[in-house]
Amino acid sequence: MSRTGVFSDDHAGFDRPARRTRPRTKDRPDYSSKPIGRVMTIDRGRYRCDADGVRVTATKARQLGRTSVIVGDRVRLDGDLSGDDGTLARIVDVVERTTVLRRTADDDDPYERPIVANADQLVIVTALADPPPRMGMIDRILVAGYDAGIDPLLCLTKADLASPSDLVGAYAPLDIPIVVVQPGADLTDLRSHLQGRVSVLIGHSGVGKSTLVNALIPGIDRATGDVNDVTGRGRHTSTSAIALELPPPGGWVIDTPGVRSFGLSHVTPATVLAAFGDLARYAQGCPRGCTHRATEPECGLDQAVLDGRLTPDRLASFRRVQVEENR
Ligand SMILES: Nc1nc2c(ncn2[C@@H]2O[C@H](COP(=O)(O)OP(=O)(O)OP(=O)(O)O)[C@@H](O)[C@H]2O)c(=O)[nH]1
Ligand SMILES: [Mg+2]
Ligand SMILES: [Zn+2]
């Protein structure tokens, strides 16, 4: 077919009347009265759900097609909800998500990977040593949280191995809650932050996410793993995300597998700047359209460093996570 032929075909398509879509209620049944469960974990196409305290295993109904169902989703359940051994319920609908935490494999990866749904708190778990803390990682997870509209909480573990003062100092300007823990620590402060909320724990392998969950939920017995002496990294002990209910006064924590990287190709520069709340005010003096990159001659952020209002570390940390617009 000639080139012009292709073009005229396209135009013919343009003039075709839009396919009529029938109202949704006629397309499929109304499931709004079906009970709601929360997806706790997913294993080989089986969705383990909590339905009012009953543990129900479900499959995804065929009519949901490619609709994704992820840990933390609230789903309408149909079929056998007894939770008895060998019974299977069906997920017939997914309740609109309040939040979705996403990451990409790296900053060039076009595919967003939703991690969890409906979390309202993002607990950035960082070990003070073994594995050593990486501010770049903390910053990236922070940005993803702001992008998703999830409140951050910085949880510094292994305070028995190193002092938290440097990291606490570095993040103090951001005004986010910080809790410091170590084996046998009093968890009252952490518990009060988790109470009544759905919190997702994110961090490198080996930082102690599952150890924390075990301390918070008596008898839960999540597997924990050693940190490799040679690489200084965890061994990716947890392999899938799981949502677990906290004892009274309640709330949920979602333990996730350790992440190696946290790509942000789905995030815009404005979101990144908003995540660095203390920097936004220095950027008010920037020329119009300033990208705030190191190559901008008159960026207000560089000026703030020169004036001593902003530390070079903090600016460097912001520039590390800067992403291209509309990538
Ligand atoms: N010294 C010390 N060790 C800790 C602390 N918290 C956890 N650990 C140890 O760190 C290792 C890794 O802990 P995990 O809880 O398995 O880490 P994780 O973040 O769940 O790791 P992944 O599941 O691989 O992502 C285990 O050997 C824990 O006993 C702490 O506060 N101090
Ligand atoms: Mg774990
Ligand atoms: Zn600027």
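**View 1. Ligand 1 takes up the space of the largest pocket.** In this predicted model, the search for pockets used a 1 Å grid over the protein atoms alone; a pocket is an open set of points where a 1.4 Å probe fits, with protein on both sides within 12 Å along at least five of seven lines. Of the 21 residues around the ligand, Ser205, Lys209, Thr211, Gly225 and Ser238 come nearest; a residue counts as near if one of its heavy atoms lies within 4 Å. The shell divides into four nonpolar, 13 polar and four charged residues, with Asp, Glu, Lys and Arg counted as charged, Ala, Val, Leu, Ile, Met, Phe, Trp, Tyr, Cys and Pro as nonpolar, and the others, Gly among them, as polar.

**View 2. Here are polar contacts of ligand 1, including those to Lys158 and Asp160.** A polar contact is a pair of N or O atoms within 3.5 Å. The side chain of Lys158 has an N or O atom 2.9 Å from an oxygen atom of ligand 1. For Asp160, a side-chain N or O atom is 2.8 Å from a nitrogen atom of the ligand. Gly208 takes part through its backbone, where an N or O atom lies 3.0 Å from a ligand oxygen. Taken alone, ligand 1 exposes 660 Å², and the protein buries 86% of that (areas by the Shrake-Rupley method with a 1.4 Å probe).

**View 3. Meet the one aromatic pair of the structure.** The ring centres of Phe276 and Phe318 are 5.4 Å apart and the planes stand at 75 degrees, so the pair is edge-to-face (centres within 6.5 Å, planes over 60 degrees apart). Phe276 sits in the loop between helix H7 (269–275) and helix H8 (277–280) and Phe318 in helix H10 (residues 312–320), so the pair ties together parts 42 residues apart in sequence. Helices here are DSSP runs of at least four residues, and strands of at least two.

**View 4. Two cis peptide bonds are shown, one from Asp130 to Pro131 and one joining Pro248 and Pro249.** Omega is near 0 degrees for the bond from Asp130 to Pro131, and Pro131 is in the loop between strand S8 (121–127) and helix H3 (135–148). For Pro248 and Pro249, omega is about 10 degrees.

**Notes.** Residues are numbered from 1 along each chain as its sequence is written, and ligands are numbered from 1 in the order in which they are written. Local features need pLDDT of at least 70 and side-chain atom pairs 80 or more, while totals for chains, interfaces and linings use all residues; side-chain values use heavy atoms, leaving out hydrogens and water.

How values were computed:
A polar contact is a pair of N or O atoms within 3.5 Å; within protein, one must be able to donate a hydrogen and the other to accept it, and residues adjacent in sequence count only if both atoms are side-chain atoms. On a 1 Å grid over the protein atoms alone, a cavity is a set of points where a 1.4 Å probe fits but cannot get out, and a pocket is an open set with protein on both sides within 12 Å along at least five of seven lines; lining residues have an atom within 4 Å of a point. A molecule sits in a cavity or pocket if more than half of its atoms lie within 2 Å of its grid points. Rings of Phe, Tyr and Trp (its six-membered ring) pair if their centres lie within 6.5 Å; planes under 30 degrees apart count as stacked, over 60 as edge-to-face and the rest as tilted.
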